[in-house]
Protein chains: 2
Amino acid sequence: MFDEDQAVDAAMRVFWASGYEATSTQELCTATGLGRSSIYNTFSSKRALFDLALRRYMEQTTSAQLELIRRTDLPIRERVRQILWRAVEPDPGDPSGCLVINTVVELGPTDPELVEILDRDHAVKLKALALEIRAAQTAGEVDASRDPEALADYVYVVLGGLRVAARRGAATRVQESVIEAALHAF
Amino acid sequence: MFDEDQAVDAAMRVFWASGYEATSTQELCTATGLGRSSIYNTFSSKRALFDLALRRYMEQTTSAQLELIRRTDLPIRERVRQILWRAVEPDPGDPSGCLVINTVVELGPTDPELVEILDRDHAVKLKALALEIRAAQTAGEVDASRDPEALADYVYVVLGGLRVAARRGAATRVQESVIEAALHAF
DNA sequence: CTCGTTTTGGATAGCTCGGTCCAAAACCTG
DNA sequence: CAGGTTTTGGACCGAGCTATCCAAAACGAG
C-alpha cells in the first residue's frame, strides 16, 4: 500500500548516484522508506528493481530529449546546443552524470540483456536526431555533404563525454566551452 | 618472490574489465595466480592494489599520449586524430573502454581521493595538448580566435565519449565517422 | 648444511550481502 | 464490526565478501 512509482524513483536515484554493485538492499530500503518484505514482494529482486529504475530514467530523459529534437521552430544547431546544455545544467539535487552512461560503463560488458535495452533506446534518439539533421540539410541549415547519422552519433558521443566529465566534477564553464567547441563541427 | 609488476598488471585488467566493486579478491587471486596471503602481504588491501593498478594504467596511457601530442612533425589535427583513433583500435585482448573513465564513473562521486589522482593526470594531458594547439595557432594551422584550452577540453570529452561507446560495443565504423565529425570542430 | 627470515597455501574469522519466512498489523469488503 | 486478504516489520538463512592467521615450505647468508 505504498506508491510504487515513488519507490522506483527513489531507487533510481540511489543507483544513479552509487551504481548497481555499490548499492545494497539496505540502502534501497532506507531510500524508499520501505521494509525488505515490501520491496521483494513488489519488485522480486534487486536486479528487477534496477531494471525498472533504469527504464523509468530512460522514459523521462528520452521523451524530454525527443521533444527538444523535434522543436522545428528552432534551428537544428540550437536544438543540439540545448541537448548538450542539459548535461551541464542538471536539476540541483540530482546525482551527477547520467544513469544510462553509468550503466553502460559498469555493466555493459557483462550484461548483454541490459545493453540491448539501452541500445534500443539509444537507436530511437539517434534516428530522430539524424532525421532532423537531414531536414536541416535540405533547408540549407547544415552542410549537405555531411552524413546525418554520423553527426547524430557525434552529438551523442559528446553528450556521453560531458556526462562523464560531470561525474568527475568538471567545472561548469569548462563544459560550456566544450559545448561551443563541439558545435563548430556542425 | 613473484613479479609484482606482472601481478599489478593482471589485477589492472580485471578491474578494467569488471570494475572495482564487482571484482572479488578471489578473482584477483586467480587472475594473478597468487594466493590471498601473497596479495595481502604485498599490497595490503584490495583498495591499495586498485590504486596501484590505476596508477600503472595512467602511466602507460598518459606517457603514450604525451608522446603523440608532442609529435611536432605531424600537424596538430593529425595528432588529435590519432589520439582519438587509439580509442577505436584497442589492442586485441584488452578489455573494452578505459579504466580511467570507468573509475571516474563508478567511484568519482564517492571517492574524492581517487578523483584527485585522476584530475592531476588529466590536467597534465590537457595542458600539454593546449600548449601544442597554441603553437599550431601561431603556425597558422588552427584558427587563432579559438581558445586552446577549450579545444583541449573538447578533445578529451570526445575521447571519453568514445570510450563509453566502446563499452557499449559500438561498431568501429560508427566510432570512425564520429572521429571525422569531431575533427570538423578544429 | 644450518639457521633465521620471508613467502606461501589453506583454514578461518567476522561481516555484509541478497533473499526468504512468518506472525502480527493494516487493510478492504460486506 | 467481522472475516479474509494483503502488507508489513524483523528475525533469519546460506553464501560470498574482505581480511587475518598460522604452520609449513622456500629461500638466503654464513
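**Exercise 1. The fold of chain A**

How many helices and how many strands does chain A have?

Solution. The model is a predicted one, in which local features need pLDDT of at least 70 and side-chain atom pairs count only at pLDDT 80 or more, whereas totals for chains, interfaces and linings use all residues. Residues are numbered from 1 along each chain as its sequence is written, chains are lettered from A and ligands numbered from 1 in the order in which they are written, and side-chain values use heavy atoms, with hydrogens and water left out.

Begin with the definition: helices (H or I, at least four residues) and strands (E, at least two) are DSSP runs, numbered from the N terminus. On that basis chain A has nine helices and zero strands, and from the N terminus on its elements read α-α-α-α-α-α-α-α-α. Next take the extent of the chain, whose C-alpha trace spans about 60 × 30 × 30 Å along its principal axes. Then consider burial, where buried means under 20% relative accessible area, exposed over 50%, and partly exposed in between (1.4 Å probe, protein chains only); of the 186 residues of chain A, 54% count as buried. Finally, with contact meaning heavy atoms within 4.5 Å, 70% of the contacts in chain A between residues at least 6 apart in sequence join residues at least 24 apart.

**Exercise 2. The two copies**

Work out which turn and which shift lay chain A on chain B.

Solution. The copies are superposed by least squares on the C-alpha atoms of residues with pLDDT of at least 70 in both. A turn of 180° with a shift of 0.0 Å along the axis lays chain A on chain B with an RMSD of 0.1 Å. That is the relation of a two-fold axis. As for the interface, 100% of the interface residues of chain A are also interface residues in chain B, so the copies meet through the same surface.

**Exercise 3. DNA strand D**

Identify the residues that come nearest to DNA strand D, and describe their surface.

Solution. A residue is near a strand if one of its heavy atoms lies within 4 Å of it. Of the 14 residues around DNA strand D, those that come nearest are Ser37(A), Asn41(A), Thr25(B), Tyr40(B) and Lys46(B). Helix 3 (36-43) of chain A and helix 3 (36-43) of chain B each supply at least two residues of this surface.

The next step is to sort the residues by class: Ala, Val, Leu, Ile, Met, Phe, Trp, Tyr, Cys and Pro count as nonpolar, Asp, Glu, Lys and Arg as charged, and the others, Gly among them, as polar. The surface near DNA strand D then divides into three nonpolar, nine polar and two charged residues.

On the DNA side, 61% of the atoms of strand D within 4 Å of the protein belong to sugar or phosphate, and the rest to bases. Individual atom pairs complete the picture: an N or O atom in the side chain of Ser37(A) is 2.2 Å from a base oxygen, a polar backbone atom of Thr25(B) is 2.6 Å from a phosphate oxygen, and a polar side-chain atom of Tyr40(B) lies 2.9 Å from a phosphate oxygen.

**Exercise 4. DNA strand C**

Which residues are the closest to DNA strand C?

Solution. DNA strand C is surrounded by 15 residues, the closest being Thr25(A), Tyr40(A), Lys46(A), Ser37(B) and Asn41(B). Sugar and phosphate account for 59% of the atoms of this strand that come within 4 Å of the protein. Among the atom pairs, a phosphate oxygen of strand C is 2.9 Å from an N or O atom in the side chain of Tyr40(A), and another pair places a phosphate oxygen 3.2 Å from a polar backbone atom of Thr23(A). The surface near strand C divides into four nonpolar, nine polar and two charged residues.

**Exercise 5. Lys125(B)**

Is Lys125(B) buried or exposed?

Solution. Locate the residue first: Lys125(B) is found in helix 7 (residues 112-138) of chain B. With a relative accessible area of 10%, Lys125(B) is buried. Leaving aside neighbours within four places in sequence, Lys125(B) is in contact with Thr62(B), Gln65(B), Leu66(B), Ile69(B) and Tyr156(B).

Conventions: Polar contact = N/O pair within 3.5 Å; in protein donor to acceptor, adjacent residues only side chain to side chain.
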